[in-house]
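Student: Could you take me through one part of this model slowly? I would like a close look at a single helix, and then a few words on other places worth inspecting.

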Amino acid sequence: MPRADRRGEAVDGLTVGHRLMAAGEHELALKAYLRAASERGADADVLSAIGSANLRLGRLGQAEQILRRALEQDPDFIPALNNLGVVLMEKGETGEARRVFQRAFALDSGNSDAIRENLRLAIAKTENQVYSGENDNHNFSLVRRGPGEYLLLSDR
């Protein structure tokens, strides 16, 4: 049963969770979101909120799994798309993050400054990535030579 606020009106777990997230109380917010899921069901909004709390708690694997579940229910749910993009960026999966942010940006019609900035960062990271790894004791670097033209350099 939803708790009552000072005016005697019921406040659902989702609202309580949002307030707790704003106050930086992410663990308590997660509990409130889980309560909301038990009271109203695990819809895309609640799943997105649970994923967001897990993201803030650094639980990237859980956050990704839950945000993907939210998007299975509502593929156009902008907050879930944005938060999934953030998770993917944190995990170093910048290519997929860029695609997710592009989708969120398009659905949002570019209205959100946060989504716009996340997309800008994802684009910058994907365009500036340089491959450097070892393969048979070779160090390789990928150098951009022009639009769509790259050169792979080896230290040998």
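Tutor: Happy to; we start with one helix and then visit two other sites. Keep in mind that this is a predicted model. The helix to look at is H1, which covers residues 13–22. Which of its residues are buried? They are Gly-13, Leu-14, Gly-17 and Met-21. If you look down the axis of H1, these buried residues fall within an arc of 95°, so they line one face of the helix. The general background is helpful here: an α-helix has 3.6 residues a turn, so residues three or four places apart point the same way. On the face of H1 turned away from the buried side you will find the exposed residues Arg-19 and Ala-22. Just after the helix comes Gly-24, with a positive phi of about 80°.

A positive phi turns up again at Ser-109, at about 55°, although this residue is not a glycine. For background, most residues other than glycine have a negative phi. Ser-109 sits in the loop that links helix H6 (94–107) to helix H7 (113–128). Is Ser-109 buried or exposed? With a relative accessibility of 57%, Ser-109 counts as exposed, because the cut-off for that label is over 50%.

The last stop is Glu-64, which belongs to helix H4 (residues 60–73). Its relative accessible area is 12%, and Glu-64 counts as buried because that label applies under 20%. Which residues does Glu-64 contact, leaving aside its neighbours within four places in sequence? They are Leu-84, Val-87, Leu-88, Lys-91 and Glu-93.

Definitions and conventions:
Residues are numbered from 1 along each chain as its sequence is written. This is a predicted model: local features need pLDDT of at least 70, side-chain atom pairs count only at pLDDT 80 or more; totals for chains, interfaces and linings use all residues. Side-chain values use heavy atoms; hydrogens and water are left out. Helices (H or I, at least four residues) and strands (E, at least two) are DSSP runs, numbered from the N terminus. Buried means under 20% relative accessible area, exposed over 50%, partly exposed in between (1.4 Å probe, protein chains only). The arc is that of the directions from the helix axis to the C-beta atoms. Contact means heavy atoms within 4.5 Å.
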